[in-house]
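This briefing addresses selected local features of one structure. Please consult the sequence and coordinates shown below while reading.

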Amino acid sequence: MKVAIIGIGSVGAAVATAIKNTGLVHEMVLFDRDGVRARAAAQDLGHAAAFSFDVKITAASSYREIKDSEIVVIAAGANQKPGQTRTDLLAANANVIADIIPKVMANVDAKKVKIIIVTNPLDVMVMLVRDLSKLPASRVIGTGTMLDSARLRTILARQLDVSPMSINAYVLGEHGDSSVVNWESVSIGAIPLNDFCRTTKLPLPQTTRRTIEHRVHNAAYEIIQGRGATWDGIAAAVNDLLRCIINDEKRILTVSSCNAKTNLSMSLPTIVGNNGVIQVLSPRLSTSESNALRASGRIIKKNYNNI
């Protein structure tokens, strides 16, 4: 498996490290408009082969070098700065994507390639890449709310004193400020959340739930304020998505993909396998969650129309 990563800033470099450490790929190509940075990253990460998996890692100075890549990860573009929202990056990153995608598509096999989008605002970029690449929507996949959902599970795990691995909980809609915590479908193991709370005598009142929602929505802002950018969490999400595709695991992930009927991309529980998106599922929603999800969709659509 050959993987290309476009954009080797803090996020792209962390993604490269995470992917390399899985041992699932035999070759990675790192492309950045700053060739010196790409070469340094490839050299530094390549030295780690002595300690773990021996992956061929090269820095690309031309898009021709991504030929035969089965998966292309797009991590290029401006990152959020303190005080910025993901939407603030819309115009700048749309221009970046518009420049990259035609060059990528000229050098990969359109019948096989899958493109994973990390660039924000994520859902709009997924729609833009789908339009520019002309690939089936199933093979243009954004990491969506995978990280948001992971944050929710981690916070709930600490609150309920169980492993995050035992929690089924999803954040839906936009990977952004309008995302929706799907409380209606949360379960701990096979037990609905409310039943679990009654059984364990660990209440989770509405005030606590609103606090959890606030923490999930604002996690990225807090991290950016403290370290300038987020990269470890999103790199883990990309790695998890990549593993699901390579191993054809058919797991349910909250990725963002474009609905051909509505021409709208947002995160919903989605079965993902070797060919990308297999099926998008409809979760159980409360009335308020359903309304919030529709509002989130309208925001994504508005932002897309603005480009």
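Is R37 buried, partly exposed or exposed? R37 counts as partly exposed, because its relative accessibility is 39% and the partly exposed class lies between the 20% and 50% cut-offs. The model is predicted, and the points below cover its salt bridges, one helix and one hairpin.

**Salt bridge between R37 and D32**

- The structure holds 12 salt bridges.
- One of them joins the side chains of R37 and D32, with an N to O distance of 3.2 Å.
- The partner D32 has a relative accessible area of 8% and is therefore buried, whereas R37 is partly exposed.

**Helix α8**

- Helix α8 covers residues 232–246, and its 15 residues should span 21 Å at 1.5 Å a residue.
- The end C-alpha atoms of α8 are 21 Å apart, which agrees with that expectation.
- Because 11 of its 15 residues are buried, α8 is largely enclosed by the rest of the structure.
- The buried residues of α8 include the hydrophobic-to-polar run V238, N239, D240, L241 and L242.

**Salt bridges in and after α8**

- Within α8, the side chains of D240 and R243 form a salt bridge at 2.6 Å, N to O.
- D240 and R243 are 3 residues apart in the helix, so about one helical turn separates them.
- An α-helix has 3.6 residues a turn, so residues three or four places apart point the same way.
- D240 counts as buried because its relative accessibility is 16%, while R243, with a relative accessible area of 29%, is partly exposed.
- Just after α8, D248 adopts a positive phi of about 50°.
- D248 also forms a salt bridge with K250, in which the closest N and O atoms are 2.8 Å apart.
- Both partners are partly exposed: K250 has a relative accessible area of 47%, and D248 has one of 33%.
- A network of salt bridges with shared partners joins D240, R243, E249 and R251.

**Hairpin of β15 and β16**

- Strand β15 (residues 270–273) and strand β16 (residues 276–280) run antiparallel and are joined by 4 bridges.
- The two strands form a hairpin, with 2 residues between β15 and β16.
- The bridge partner of I271 in β16 is Q279.

Technical notes:
Residues are numbered from 1 along each chain as its sequence is written. This is a predicted model: local features need pLDDT of at least 70, side-chain atom pairs count only at pLDDT 80 or more; totals for chains, interfaces and linings use all residues. Side-chain values use heavy atoms; hydrogens and water are left out. Two strands pair if DSSP finds at least two bridges between them. The expected span of a helix is 1.5 Å times one less than its number of residues. Buried means under 20% relative accessible area, exposed over 50%, partly exposed in between (1.4 Å probe, protein chains only). A salt bridge is a side-chain nitrogen of Lys or Arg within 4 Å of a carboxyl oxygen of Asp or Glu.
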